[in-house]
Amino acid sequence: MATEKSAVFIIFGGSGDLAHRKLYPALYNLYKTGDLKEHFAVIGTARRPWSDDYYRGTVVDSLKDIDDDEKAMEEFSKHFFYQSHDVTDSDHYIALKKLASKLDDQFQTGHNRVYYMAIAPRFFGTVAEHINSEGLKTDGFNRLVIEKPFGRSFDSACELNSSLTKTFSESEIYRMDHYLGKFMVQQLTRIRLKNRTFEKSLNNKYVSNVQVTLAESLGVEDRGGYYETAGVLRDMVQNHIMQIIGAVAMDEPAKLDSESIHEVKRDVFASLKDLKPEEVDKNFVRGQYGEDDTGSLKAYRDEDNVDPKSNIETFVAGKMMLDNDRWSGVPFYVRSGKRMPAKSSRIDIVYNDAVKELGINPNTTVTFLIEPENGSSILVNGVDYQEGNQDFLKFPEDPKYFSQEREAYENLMIDILDGNKIHFTLWDELQNAWKYVDVIRQQWDNETPDFPNYMSNTMGPDAASELLEKDGNSWIWDD
């Protein structure tokens, strides 16, 4: 049975797409399960001059695709309040403080606060500063949640972090990476700790290579303007892929708690083998999608809000190495792209012949499927591990783990309310990831690529396959 949580959520950007598409459905599902019940309230803030009733109507509308229980949605929406807000105006924060204090008393929330930044990153520091200067922080918990991107480079990430830590301690800052809320990513550490032979196999004696693929079938859709400032390197590699590598490559933690897990993940990011500018083109490939073979799908350069001569990449593949005793010599191949044949997020661990020492068949591949089905499958050589009766690999507990009861944002919301930072990104991990990615970005910015170089609905440019072929390897998932 769920344990009820208590807090006032203040959502900066409460009228926006992120709030309505992800946050409100996540909170509603927690309301339905009893994790949120009587002792919570939500304040949505934005520039729009909405009333409480209008705001509540938009919240209910955002839930109609996931439920038809009108009474429950109506009761849920009564916990929502709206304040028109200018993030630069001190008076607005004073009014916000009064409203939050009133709701603390009305809903008996224990003075707990979650400040959620569903706004442009350039405002993060301004909002954090005003929360402090206008006295919004309380004697309950105060947790600041920020969505990626966490900067655009190492220098800008440092500047952003400095602006936040003037007001909030590192322990109060929750950097949201929704991939860390996905079921299979969250279970990976438990799977490793439960299966001793599998854990023993994760090193350079037995592993030939590791492959991480985050593929999307869609194009940029209505995000052309954003993508022109980001590209897939910043949008997917610097955060999601890096965090997945951390989960696979880390040493066994002393305990299954935030401090222990981040200690071993920190070592992974610190061991990223330095990439010199002249090594970028040998180890990383970029691409940009063109039309499909029927001409029915637009090329990236023809999308709305995209420069017709854009050199922004919509695909990246690369080889990353770790300079430590456990993984030295093992390539971590990564790729992510738009307009690939299917949506699929997966980890493929490819073993060599030596693994037979552990009772595992030589040249075995273990695959963890993260998406599209919210990660309910582990494959061994392409077959569900249960069907193949693999005794070296089992789920950590009973079949309830296959129920996939919560989506990523629900998992992460529970973690925030519990004060559990296992599945959030810490600053020291982030800065090492940015240092690595900056070398690639700076090298690419000095060159003009021949784009587009892959058709929509394909596996990316040919050079992505050639990258592995040079090492005598190949992609496990090749459509």
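This is a short talk on some strands and salt bridges in one structure.

Keep in mind that we are looking at a predicted model. I'll start with the strands, then move to the charged pairs.

Begin at strand β1, residues 5-12. β1 runs parallel to β2, and seven bridges join the two. For one point of contact, take Ile11: its bridge partner in β2 is Gly44. What connects the pair into a unit? Helix α1, residues 17-33, does: β1, α1 and β2 make a β-α-β unit, and the unit is right-handed.

Now look at β2 itself. The strand spans residues 36-46. Is β2 mostly covered or mostly open? Mostly covered. Of its 11 residues, eight are buried.

β2 has another partner, strand β3, residues 80-84. That pairing is parallel too, over five bridges. Val42 is one place to look: its bridge partner in β3 is Phe80. So much for the strands.

On to charges. How many salt bridges does a search of the whole structure find? The count is 28. I'll show a few.

Lys32 and Asp67 come up here. Their side chains meet in a salt bridge at 3.2 Å, N to O. This pair links distant parts of the chain, 35 residues apart. Lys32 sits in helix α1, and Asp67 sits in the loop between α2 (52-63) and α3 (70-77). So the helix of our β-α-β unit also carries one end of this salt bridge. What about exposure? Lys32 is partly exposed, at 41% relative accessibility. Asp67 is buried, at 19%, because the cut-off for buried is under 20%.

Next, Arg175 and Glu170. The closest N and O atoms are 2.8 Å apart. Arg175 is buried, with 2% relative accessibility. Glu170 is partly exposed, with a relative accessible area of 27%.

Third example: Asp445 with Arg441. Here the closest N and O atoms are 3.2 Å apart. Both residues lie in helix α13, residues 427-445. Why are they separated by about one helical turn? Because they are four residues apart in that helix. Asp445 counts as partly exposed at 47%. Arg441 is buried, with a relative accessible area of 5%.

Last item, a network. Which residues are linked in it? Arg192, Glu199, Asp251 and Arg326, through salt bridges.

To recap: β2 pairs in parallel with β1 and with β3. And the Lys32 salt bridge reaches Asp67, from helix α1 to the loop between α2 and α3. Happy to pull up any of these on the screen.

Definitions and conventions: Residues are numbered from 1 along each chain as its sequence is written. This is a predicted model: local features need pLDDT of at least 70, side-chain atom pairs count only at pLDDT 80 or more; totals for chains, interfaces and linings use all residues. Side-chain values use heavy atoms; hydrogens and water are left out. Buried means under 20% relative accessible area, exposed over 50%, partly exposed in between (1.4 Å probe, protein chains only). Two strands pair if DSSP finds at least two bridges between them. A crossover is right-handed if, with the strands pointing away from the viewer, the path from the first strand over the helix to the second runs clockwise. A salt bridge is a side-chain nitrogen of Lys or Arg within 4 Å of a carboxyl oxygen of Asp or Glu.
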